Amino acid sequence: MEKKLLLGDEAIALGAIHAGIRGVYAYPGTPSTEITEYIQRHPLARARGLHSTWCTNEKTAVEAALGASYAGARVIACMKHVGLNVAADAFVNAAITGVNGGMIVVVADDPSMHSSQNEQDSRFYGKFSMITTLEPSTQQEAYDMMQYGFELSEREKLPVLMRIVMRLAHSRAAVTVKEEAEEVRALPCAKDPASWVLLPANSRRKYAALVEQQPRLEQAAAEAPYTRYEQASGEKPVGILACGIGYNYVTEVREAAEKFNILKITQYPLPADLVRRLAADSREILVVEDGQPFAEELVRGMLSADYPVRGRLTGDLPRTGELTPDSVAAAMGHRPERYFDAPKNVVGRPPALCQGCGHRDVYTALNEVVKEYPDARVFADIGCYTLGALPPFRAIDTCLDMGASITMAKGAADAGVFPAIAVIGDSTFTHSGMTGLLDAVNDKAQITVIISDNLTTAMTGGQDSAGTNKFEAICLGLGVEPEHVRVVVPLPKNMDEITRVLREEIEYKGVSVIIPRRECIQTLNRKLKQKKAEKKA
């Protein structure tokens, strides 16, 4: 055994490598991105030739992972919480087909929305799909649970969901790891077509079997090595049900173990017998969970209506945002200890587009043209260019989800808005924008689509973009008229050309696509530094 200082994401990645995975399938999304990046960089992963190419979106990632599982391989699929919405069709149905090789879907939630549109809780998807959900409380558990999760997946023949939160994904801790990794797993291909062909007759049989499996999954959660019941001395103390990282915050309170009954939960379905035991031993229960009141609602349903259950729903913990040691301590009746105050000279710095970013020139040109159209509306998307909503540009009117810019612009145009302009990035276009563009072409919608192409997935750190050097061909293939697929270079010296092209395409009574193309300044700088280092070497 050896110790390594690892992010939670890195602990998951290394745990997966050491458990003998054949590959990782993912779309970059904070706070999950570093899982795949760690595997891509790891020497053993490279030596073994593990698959680690970024997928076009989260749905294709889960489907490819399920195909690899069908072929007998251990695999993981990784994404952020809103990415699970995109993957939901495949993810939910994977619980009906079941798996062959072990399959873990790792989802990183983002309470407090540090870099997300919402703070939805992925545990609801685990319950909805009726599969096991793992929720590590530490980086060590995140590492260990990969081996455990694959064994559980293969034993139950079901995918496993691992849910982590931003604070675990992006903090470091010492992790004891194995010195030798398991060999890459290679089971025979699945052979029963009735399990994998979801015709209604097969699905009904498989669904009934999944329902019958639920008591066994709940018992497995109760007996899991990471589930622990710690009983305090004294008669009827307060009971705490601590989920995942919430357990850490509970144990940071002095004398917590002596004064509180603590049920640590890191695996679901929530074990009802342990919850009822905690209730019997305690005068009330405080539910500590990072995310939405998922376990709190379940606990209320398991106990009598008059049993006191406290948590986010009662206001004892904040209803929104991530947990903090201070908020948990206050809910436990302890005054938080403060050692330092924030320095008076610390000033908030809102995010901004990088100096030299091509998106800046796109918005400068767009603002100049749009002011000529009083009724213009600009529909934007998820990416660096979402920062166009902030000063100094204030150039966009909407931002909803991946790919929504094109379809929202189409809907607005259908309702009479002119001009309806969509701004979308290169990676987002291939993720979810292509189908919207096809709808617009088929309906002959009068919209102008700007695919701001910086040749990378810049928002999450510069990962490869699936459509690089293919956008003109994609747009033509979807039916956009060749003369209305225009490419420009977003630079200040080209401003006259860019504004002219914008005016021409806005006036076109159909679908037009403008592709401003210039490499992300950050990835360009990294390449130049690498070339300089190679020359010195």
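A cavity is a set of grid points where a 1.4 Å probe fits but cannot get out. In this predicted model, the count comes to three cavities of 30 Å³ or more. The largest cavity holds about 60 Å³ of space and is lined by V362, L366, I450, V488, P490, I498, L502, I514 and P516. At least two residues of this lining come from each of three elements, namely helix α16 (358-370), helix α20 (495-507) and strand β18 (511-516). As a general principle, rolling a probe the size of a water molecule over the atoms shows where empty space is left.

Open space was examined as well. The largest pocket contains about 880 Å³ of space, and its lining is made up of 42 residues. Those that lie nearest the centre of the largest pocket are K80, S115, I382, G383 and M459. Two elements, α5 (81-97) and α18 (426-442), give two or more residues to this lining. Of these, α18 gives the most, with five residues.

The sheets are described next. Strands of a sheet pair through backbone hydrogen bonds, either parallel or antiparallel. One open sheet consists of six strands in the order β2-β3-β4-β6-β5-β11, and its pairing is mixed. Strands β2 (23-26) and β11 (267-268) stand at the edges of this sheet; each has a single partner strand, so one side of each is left without a neighbour in the sheet. Strand β2 runs parallel to strand β3 (residues 75-80), and four bridges join the two. Within this pairing, C78 of β3 is the bridge partner of A26. Helix α4 (residues 58-70) packs on the six-stranded sheet, where it touches β2, β3 and β4 (103-109). The direction of α4 makes about 170° with that of β3.

A further open sheet is formed by five strands in the order β8-β10-β9-β12-β13, again with mixed pairing. The edge strands here are β8 (228-230) and β13 (309-310), each of which pairs on one side only. Strand β9 (residues 238-243) and strand β12 (residues 285-288) run parallel and are joined by four bridges. In this pair of strands, G239 stands opposite I285 of β12. Helix α13 (residues 272-281) packs on the five-stranded sheet and touches β8, β9, β10 (260-265) and β12. Its direction makes about 170° with that of β10.

Helix α1 (residues 8-18) was considered with respect to its surroundings. Because 11 of its 11 residues are buried, α1 is largely enclosed by the rest of the structure. The buried residues of α1 include the charged positions D9 and E10 as well as I12, L14 and I17. Just after α1, G20 takes a positive phi of about 90°.

Finally, the cysteines were inspected. A disulfide is a covalent bond between the sulfur atoms of two cysteines. A search of the whole structure finds zero disulfides. For C354, the closest cysteine sulfur is that of C357, at 6.2 Å, which is too far for a bond, given that a disulfide requires the two sulfur atoms to lie within 2.5 Å. C354 has a relative accessible area of 32% and is therefore partly exposed, whereas C243 counts as buried because its relative accessibility is 0%.

Conventions. Residues are numbered from 1 along each chain as its sequence is written. This is a predicted model: local features need pLDDT of at least 70, side-chain atom pairs count only at pLDDT 80 or more; totals for chains, interfaces and linings use all residues. Side-chain values use heavy atoms; hydrogens and water are left out. Two strands pair if DSSP finds at least two bridges between them. Contact means heavy atoms within 4.5 Å. Axes are lines fitted to C-alpha atoms, for helices over the stretch in contact, and angles run from 0 to 180 degrees between N-to-C directions. Buried means under 20% relative accessible area, exposed over 50%, partly exposed in between (1.4 Å probe, protein chains only). On a 1 Å grid over the protein atoms alone, a cavity is a set of points where a 1.4 Å probe fits but cannot get out, and a pocket is an open set with protein on both sides within 12 Å along at least five of seven lines; lining residues have an atom within 4 Å of a point. Grid points are joined across faces, edges and corners, and a volume is the space filled by probe spheres set on the points.
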